[in-house]
Amino acid sequence: MRKLLIYLVPVLAFCLLNITSCKDESEEMPRLFRPSFIASSCFAEGNTVSLAWRTSGEATSYTVELSQDATFQAEPAEVQTVKSNKCTFSNLRYETGYYARVRANNEGLDIISNWTEYTSSIRTLSRVIPKILYAPDENLITENSVAIAWKVSDVNPVDGVSVWLADGGQADEKHFDLSASDISSGKYVISGLSPRSTYLVALTNSKAPEGAEKYNLQKFTTAGMPAGAVLATDGVDLLAKIKEGMNDGSKSSLIFQLQNGVDYYLSADGLPASSTGDIKLTKSIAFLANPGERPTLYIRKGGFIIKPEVNNIPEIEYFVVENVNVKEPVVAGGSGGSKTRLLNIGKHDAGTDITIDRFEIRNSDVILPSSVLMMNDASDGMTTINHIRIDNCRVTGVNDTKYVTKQFGFIHAINKGSNVWNDVSVSNSTFYEFYISPGVFGALTAGVPVAADSKVSISNCTFYNWATSKAAYTAIGNFSKLSTPLSLSVSGCVFGYSAGKALDPGACNLTAKNNYCTTDFEQASGTGLSLIDLGLSDSSFFRNAKENDFTVIDFESVVYTQEYGDPHWITVQEY
């Protein structure tokens, strides 16, 4: 036993010495815990991200990293080491998600804590850029060039211009660096463009934060006519050439060029009060004008009609109106009422079905007593229109209460023979002052054919005093009776005063976002569409709505900064 103790005592002493040593060593090591983020103080403003965290023990500084990679395996986008418990990262990319992590440091002891990662990404916002690029003057657009102008601003400097085809994406983008004289004048002529092509143009600033080099956007179409376009000098000449062309078997389509600034009264004698009558279409037709002062096509008591017959079904690919206003003339005899329309698909029997690929109205002021597209309610034959496009139009009614006793949807295709709800787009347009309008699309019945892949959208439109006489009417349409749901999208629209609802969606597959209304919109609650109240009256929001000037004058509103509603009314701030 004694011999055993002789060996155990030194071993126990050695162990005790080591235990004491370890204890002393651990007591001397500072406690450096991971910091934790304060969620309420972590946010983005514009392209700036602010972060804050709770301090940690013996830390003398903190290192913060931002990365677009959630795993932080890629090189961090930004790194800061700070003494305090907060930091701000500026000049980041707009509309970009960033992941953040923080650790504590003690430089004196050369130790660091583990990382603490923020629970989710923090996304920078869209850049709010003041409107400084003017809409191109249509009189300064040629086949190969456009003159642009902008408001010179030290706050938003410009040193370049970019242009690209609207339907081609930015892969074909052309960039032009500006000279000092261009920059100071706020003007530049872009050349080398293709005729009859739609472009987007933007100002650029090479010194702006990455991802925000472009300022504003404007859309324009160059001049030029397609091959085979026939020039018409006046309404009499145009009507004669239409009838002659419809009887010419060598032509499959008719394209007419209308002269800028000319009034075309479509009648046999060319007088405003004369009737147009029914102009029967048997082939495709287009009415076009170059950019500039628009010509006006005047129609009274009549219009274009398509009426398929057994063994005589017309082959019509398109009906197009572009850069041409369409109106009913104001005459002493009053309005032509429902007898005046642009295109009427007449009654046709079963077995005489017809398909039209495109119905388009672009860049047009429309003033008619009823609709632009009228589908006959009594038709047993099926009319299919594959694509409908209404873009950059100003639409109002002829409010002659003596002769206009009934109005229809702007696109009136509400019954069983109207297979038009395949691909419909109404965009960048204003609808105002229609006496008893049942809406852009009217009140559809249960028998309307709706395809499974239907796509109907209204975007960036402004509505004012539309459907004012009957509160049961809607600005967009009544879909409550549909037996097959329609895919309907409403986005970026603005509603001023109206006694009617925005729409009755029924069983539509409705997608809606960024739609706003003034305090004068009477049925903002239960309107059928979720609207965000601007908290402003018509008079505080529009320049002069009662005189049909819907220029937005509240430059701080989200409608102005994000360019909602008809973009025609989002102008450069001049005062």
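In the predicted model, five strands form an open sheet in the order S20-S23-S26-S28-S30. The pairing in this sheet is parallel. Strands S20 (277-280) and S30 (411-412) are the edge strands. Each of them pairs on one side only. At one end of the order, strand S28 (residues 373-375) pairs with S30 in the parallel sense. This pairing rests on 2 bridges. One residue pair can be named here: Met374 has His412 in S30 as its bridge partner.

Strand S27 (residues 354-368) takes part in several further pairings. Strand S24 (residues 315-322) pairs with S27 over 5 bridges, in the parallel sense. Within that pairing, Val320 stands opposite Glu360. Strand S25 (residues 325-327) also runs parallel to S27, and 2 bridges join them. There, Lys327 stands opposite Ile367. S27 is joined to S29 as well, by 13 bridges, and these two strands run parallel. Phe359 stands opposite Ile388 of S29.

Ile388 also leads on to the next strand. Its bridge partner in S32 is Val424. Strand S29 (residues 383-397) and S32 run parallel and are joined by 4 bridges. From S32 the pairing continues to S34, again parallel and again with 4 bridges. In this step, Val426 stands opposite Ile458 of S34. The ladder can thus be followed residue by residue: Phe359 faces Ile388, Ile388 is partnered by Val424, and Val426 faces Ile458.

The side chains of strand S32 (residues 424-427) show a clear pattern. Val424 and Val426 point one way, while Ser425 and Ser427 point the other way. All four are buried. In a regular strand, side chains alternate between the two faces of the sheet.

The largest nonpolar core holds 77 residues. Phe304, Leu342, Phe359, Phe441 and Phe495 touch the most other members of this core. Strand S27 gives the most to the core, with 6 residues. Phe359, one of the residues with the most core neighbours, is also the residue that stands opposite Ile388 in S29. For Phe495, the contacts beyond four places in sequence can be listed. They are Phe463, Ala475, Ile476, Ala502, Tyr516, Cys517, Thr518, Phe521, Leu529 and Leu531.

The domain assignment of the protein chain gives domain 1 (36-123), domain 2 (133-221) and domain 3 (437-574). The C-alpha centres of domain 1 and domain 3 lie 43 Å apart. An unreviewed UniProt entry annotates residues 34-127 as a "Fibronectin type-III" domain. Over residues 34-127, the chain is 47% strand and 0% helix. The end C-alpha atoms of this stretch are 34 Å apart.

Two single residues were examined in more detail. Ser437 lies in the loop between strand S33 (430-434) and strand S34 (456-459). Ser437 counts as buried because its relative accessibility is 0%. Lys402 is 35 residues from Ser437 in sequence, and their C-alpha atoms are 16 Å apart in space.

Ala149 is found in strand S11 (residues 146-149). Its relative accessibility is 25%, so Ala149 counts as partly exposed. Beyond its neighbours within four places in sequence, Ala149 is in contact with Ile132, Leu133, Tyr134, Gly186 and Lys187. Asp167 is 18 residues from Ala149 along the chain, and 23 Å separate their C-alpha atoms.

Confidence varies along the chain. The mean pLDDT is 90, and 92% of residues reach 70 or more. Two stretches stay under 50. One covers residues 1-5. For these residues the model has 1 contact beyond four places in sequence. The other covers residues 20-26, where the model has 0 contacts beyond four places in sequence.

Technical notes: Residues are numbered from 1 along each chain as its sequence is written. This is a predicted model: local features need pLDDT of at least 70, side-chain atom pairs count only at pLDDT 80 or more; totals for chains, interfaces and linings use all residues. Side-chain values use heavy atoms; hydrogens and water are left out. Two strands pair if DSSP finds at least two bridges between them. UniProt positions are given in the numbering used here, feature names are shortened, and annotations may be inferred rather than shown by experiment. pLDDT is the predictor's confidence in each residue, from 0 to 100. Contact means heavy atoms within 4.5 Å. A nonpolar core is a set of buried Ala, Val, Leu, Ile, Met, Phe, Trp, Tyr and Cys residues joined through side-chain atoms within 4.5 Å. Buried means under 20% relative accessible area, exposed over 50%, partly exposed in between (1.4 Å probe, protein chains only). Domain bounds come from an automatic or database domain assignment.
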